[in-house]
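Please load the model in a viewer and keep the selection panel at hand. The stops below move from a single residue to an internal space and then to the whole chain.

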Amino acid sequence: TAGIVTGTNGTGISATVEGYYPFSARGDLSIEVTTGDVTGGDTGIRTRAGRDIETMINTAAGTVRGDTGAGIAASGEYGLIQITTTNVTGETTGISVSNPYSTIVMNTTGGTVTGETGAGVDLSFRSDIDITVADVTGGTDGVAVYGLSAFGYNETDVIDTTAGTVTGETGAGIAVDYFESGRIQKTVSDVAGAVAGIQLSGTGYDEYRGQTETSLDDQGHVSGAVGITLSDLGGTAQINSSGLIEGRDGTALDLDDGVQEVTISDAVRALPGDMRPGLIGASLFGGGNDELSFIDMAGGGNILYDGFFDSLFDGGEGIDTVNFSVSFDALQSSAGSGSAIDLLFAGEADQSVTLSFLDFEFFTFTDNPNREYSLADLRNPVAPIPLPAGYLFLGTALAVLGFTRSWSARRSV
């Protein structure tokens, strides 16, 4: 449709194609909706696809609104659902998709998606996704995903929100729940939620489906009561942040148990105003062998001094390691007892920073990254003597020894 479609009491556009198991309709039947402006008294656009039937919805030429329901509601089973939109608004959910055991591809970068009382984008299924969004606002969560499972097909689920801002007014900015297995890759810029900026929970390790792998790349400002929270993943999690992660109630990272790898860098300088990369609030790593790294990228400054770090790094149980972006001689002093230590670093131009650690066992520095310093080493630092100076001391000692022997020999004559 090139014009305006309005459904006064019900749905603006409704399309249904049934598929009948065990007969596959893949490649034979599909739903295709291409339209301009659509308004529904209930739902703007609703599609229902049977088994193996693909759905294509393209509303890039106009605006979609559901006055009392969702802006777009699409459901399927085993068939691809692909959605491309500009502006979509639903009184409940902006875009709602249910597609068990198949793929959802979504691109909303042409405009805004709003769920006035529900989620901005709500995806429910047990398979893989590839979504790219710009500005999304939800009355609950900004982007909500329920159920991810690779089922042995080795997919990587992708969520990219770098084109805009994602907001969850009463929930999380991005919430992924019931992550069973496979890999998920999130690349985000500005994400804000009331409960959490980003919330990811799994089902723990499953022997049949395997473990989860999580990769999160923060290039902007992630904020919530807790900045980022992970739970029950049963696998490894990598968080790479060149932005600012803020926990308004005091916790920036709440990572639960498992192997966590967190890297703080100055790789992308896209923060507004005088905002600095780093962490506002504590970082809680939970159990497992975790690694925290401060990394400087070419052309940047030093993240240790240029960043913002105002609270504790708690390694939790396990063997935990910190990799610093400075050499050992930048360490000026240490304080603390037991498994707690505060480290004061100083650089050029009167730069300094104090970082507080609890339950981290090993520390490395840029001048000798293969050497691991223990807590005892940092409490009683002994800087290695440079080799030329060592030769000087040795030469002086031998000269003194030679003189002493000569003087003794003369006295005995």
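Select Q199 first: with a relative accessibility of 30%, Q199 counts as partly exposed, because that value lies between the limits of 20% for buried and 50% for exposed. The model in view is a predicted one. Colouring by secondary structure places Q199 in strand β20.

Next, add T229 to the selection. Along the chain Q199 and T229 are 30 residues apart, yet their C-alpha atoms are separated by 5.0 Å. T229 is also among the contacts of Q199. To display the full set, leave out the neighbours within four places in sequence; Q199 then touches A172, I174, A175, V176, K186 and T229.

Keep K186 selected, since the next stop includes this residue. Which residues line the largest cavity? The lining consists of K186, I198, L200, T214, L216, L230, A237, Q238 and I239. K186 therefore belongs both to the contacts of Q199 and to this lining, whose residues are those with an atom within 4 Å of a cavity point.

Now colour the lining by element. Two or more residues come from each of β20 (196-202), β21 (212-218) and β23 (236-241). The greatest contribution is that of β23, with three residues. Recolouring by class shows six nonpolar, two polar and one charged residues in the lining.

How much space do these residues enclose? The volume of the largest cavity is about 50 Å³. With the threshold set at 30 Å³ or more, the count is one cavity. Rolling a probe the size of a water molecule over the atoms shows where empty space is left.

Then zoom out to the whole protein. The secondary structure amounts to three helices and 35 strands. Of the 413 residues, 46% count as buried. The accessible surface is about 18400 Å², and carbon and sulfur atoms account for 50% of it. For contacts between residues at least 6 apart in sequence, 67% join residues at least 24 apart.

Finally, colour by pLDDT. The mean for the protein is 84, and 81% of the residues reach 70 or more. Select residues 384-413 to end the tour: the pLDDT over this stretch is below 50. Beyond near neighbours in sequence, the stretch 384-413 has two contacts in the model.

Conventions:
Residues numbered from 1 in each chain as written. Predicted model: local features only at pLDDT ≥ 70, side-chain atom pairs only at ≥ 80, totals over all residues. Heavy atoms only, no water. 1 Å grid on protein atoms, 1.4 Å probe; cavity = no way out; pocket = protein on both sides within 12 Å on 5 of 7 lines; lining within 4 Å. Points joined across faces, edges and corners; volume = space filled by probe spheres on them. Helix = DSSP H or I, 4+ residues; strand = E, 2+ residues; numbered from the N terminus. Nonpolar A, V, L, I, M, F, W, Y, C, P; charged D, E, K, R; others polar. pLDDT = per-residue confidence, 0-100. Contact = heavy atoms within 4.5 Å. Buried < 20%, exposed > 50% of the residue type's maximum accessible area, 1.4 Å probe, protein only. Areas by Shrake-Rupley, 256 points an atom, 1.4 Å probe, with all protein chains shown as cover.
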